Amino acid sequence: MARVDVKSVVTGSVWKIEARVGQKLAPGDSIMILESMKMEIPLIVEDGGVLLEIRVEEGVAVSEGQVLAVVEE
Amino acid sequence: MSAVPDKSVEETGWAPELEELRLRREKSLGLGGKDAIDLHHSRGRLTIRERIEGLVDQGSFQEVGRLTGSGKYESGKLVSVTPAPYVMGLCNIGGRPVAVGGEDFTIRGGTSWSGDRKKGGQGGFVEDLAHQYRIPLVNLIDGAGGSVTSITRRGHSVFPGVHGFEQSVRLMGEVPVVCAVMGTAAGGPAGRAILSHFSVMVKGTSQVFAAGPPVVERSLGQKIDKEDLGGAAVAGELAGTIDQVVDTEAECFGLVRRYLSYMPQNVWELPPLARINDPVDRCEDGLATIVPRNRRRPYDMRRIVRWVADRDSVLELQPSFGKAVITSLARMNGRVVGIIANNPMVYGGAIDVKGARKQTHFIELCDCFHIPLVFLVDVPGFMVGRDAEAAATLREGMRSVYVALQATVPMYTVVVRKCYGMAGMGATDKNGLDLKIAWPSAEWGSLPIEGGVAAAFRKEIAAAANPKAREAEIEASLRADASPMRTAEAFGVEEIIDPRETRPYLCRFIDAAQSRLATSVGQKPKYGVRP
């Protein structure tokens, strides 16, 4: 069991949060959708796991490399 | 004493010398001794001899310079030898000859050694071997470079460039050069790592920097450990100083071997053909539906790359740096190609400063080794905004356009979705056939309609009763006129294809370009000034 930080690959804003804390996510599932450069960019968990934390709210600005969520693999 | 040896000496023959040779070779295999090797192993690192063994075709290493080092003599008789801290020679990788060498960290931390001729590092026999025989060079770097103690040893300080980079630089236009940073590299060895077509480092055990923590603390008062200064997170992911990061040394050797499998031996040859049982006319159905109709939705461009290229042939380079651009070596009908694909998951595929730098390097690499380029285009343009301007995205972006316009290798443009502006132009073969094929999802122009409408119709939008609605109306009308089919009608793009036909269509043209490629091998001249 390892805690993994899920980081934003883009600077933009949080458009929609799709997953709940405690939810079990499969590899490739999206935690939230970010908006950047007029595109909807999903924040994806590569290896899946349980969502432990969501560190942002809808509408806030985020920067590249910022930890937006934590997953336990 | 007679000059002629007596009978008993004659009977002994050369046995004493052969025994001495055996002893010297044995000492050289012993590297820095058991304690130094154990310490090196305890840090999770292999010795230089283990590294070479792990990298090369089994049993293919022919060492050169096994006797180098410093001998200790008593009454003129050899009692021990400290080997030179560099091991090198000729080996085979994938059945082809390669020059290989690396520092031996177990002897004085792999610092330079003063023999009559250098063995490796910048300059040295191993680079001469690659240059003279036109074979690839692999450097396994694990050394700290020069030491101030050499002033005491020599009695003077050495002018920079006595062991210069001139041969290292020459090799960049002649043969594939791969550098693997296997330990902590500072100074000369760190510089040597950068003068390569491809560089790798190992997470946790490799660090690379111009100068290490003691120099940083003395110069800037900054206390920082070597991992934070030049570990994989900085040198690999943040800065792109090193191209690729791997988890273990074994993985590193596999990656170097794989990289070389796409490369010709030198620029006077073409890359090796490797046909596998993957039909040229394989048409993946997924290609027809992967691009969402909703223009705001991204998709997985890497799947497109995998579906179009020969099965299991894709090697993505620099995957953790400049993520807006995906650069991969791959094969199509067995022939090596370079694929540059925009990644809509990162800034909608907009070219940022890192992506541009990555693209520039990859175009130069493919042009140098006669590897045709395929662009899978979904680019809204260069990255915009204050941060992007401050980072000189425009300059770095134009640099990638410049190298694309200077490259002479055949290029193929496949417009998957967006192809806008200067970044879009930089993905075409303007000096060549300029073959541009597009999917029905393609759209292009000098700038995207949504941004352009607000600027070009500002007065009309402001004067409307409902400005938002008027803007949307104008956008919709322009978008209808911007159908890719209409451009194809005017032969402004050469073909609109069913996305499933991408692989067969590209393979036909890549196969047809082989005569062109075979008759244009050799070094690529460089002129002009890069912006």
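Is R192(B) buried or exposed? It's buried, with a relative accessible area of 1%. Keep in mind that you're looking at a predicted model, and let's use this arginine as our way in.

R192(B) has a partner: its side chain meets that of E127(B) in a salt bridge, with N and O 2.6 Å apart. E127(B) sits in helix 5 (residues 125–133) of chain B and R192(B) in helix 8 (residues 188–194) of chain B, so the salt bridge ties together parts that are 65 residues apart in sequence. What about the glutamate end? E127(B) has 0% relative accessibility, and because anything under 20% counts as buried, E127(B) is buried too.

Stay in chain B and look for D142(B), which you'll find in the loop between strand 6 (137–141) and helix 6 (149–154). At 0% relative accessibility, D142(B) counts as buried. Its side chain makes a polar contact of 3.0 Å with the side chain of R51(B). Leaving aside residues up to four places away in sequence, D142(B) also touches others, including H40(B), E103(B), F105(B) and M182(B).

Salt bridges turn up in plenty of other spots: the structure holds 36 of them over all chains. Take E316(B) and R302(B), whose side chains meet at 2.8 Å, N to O. This pair links strand 12 (residues 315–317) of chain B, where E316(B) lies, with helix 13 (residues 301–308) of chain B, home of R302(B), and the two residues are 14 apart. E316(B) counts as buried at 17% relative accessibility, whereas R302(B) counts as partly exposed at 27%.

Another pair is E460(B) and R470(B), with their closest N and O atoms 2.5 Å apart. Here helix 19 (residues 458–463) of chain B, holding E460(B), is linked to helix 20 (residues 467–481) of chain B, holding R470(B), across 10 residues. E460(B) is partly exposed, with a relative accessible area of 35%, and R470(B) counts as partly exposed at 24%. Salt bridges can also join up into a network, and that's what you get with D278(B), R282(B), E284(B), D310(B) and R503(B).

Now swing over to chain A. Strand 6 (residues 49–54) of chain A pairs in the antiparallel sense with strand 3 (residues 24–25) of chain A over 2 bridges. One spot to check is K24(A), whose bridge partner in strand 6 is V50(A). Strand 6 also pairs with strand 8 (residues 67–72) of chain A, again in the antiparallel sense, over 4 bridges. There, the bridge partner of L51(A) is V71(A).

So how do the two chains meet? The contact takes 17 residues from chain B and 13 from chain A. Together the chains bury about 1400 Å², 58% of it on carbon and sulfur atoms. On the chain B side, R296(B), M345(B) and Y347(B) lose the most area to chain A, together 52% of what that side buries.

The interface has 3 salt bridges and 5 residue pairs in polar contact. By class, the side of chain B that touches chain A has 8 nonpolar, 2 polar and 7 charged residues.

For a close-up, find E40(A) in strand 5 (residues 39–44) of chain A. At 6% relative accessibility, E40(A) counts as buried. Its side chain meets that of R297(B) in a salt bridge of 2.9 Å, N to O. E40(A) also touches residues of both chains, among them W15(A), I33(A), N294(B) and P298(B).

Definitions and conventions. Residues numbered from 1 in each chain as written. Chains lettered and ligands numbered in written order. Predicted model: local features only at pLDDT ≥ 70, side-chain atom pairs only at ≥ 80, totals over all residues. Heavy atoms only, no water. Buried < 20%, exposed > 50% of the residue type's maximum accessible area, 1.4 Å probe, protein only. Polar contact = N/O pair within 3.5 Å; in protein donor to acceptor, adjacent residues only side chain to side chain. Contact = heavy atoms within 4.5 Å. Buried area = accessible area lost by both parts, 1.4 Å probe. Salt bridge = Lys/Arg side-chain N within 4 Å of Asp/Glu carboxyl O. Nonpolar A, V, L, I, M, F, W, Y, C, P; charged D, E, K, R; others polar. Pairing = 2+ DSSP bridges.
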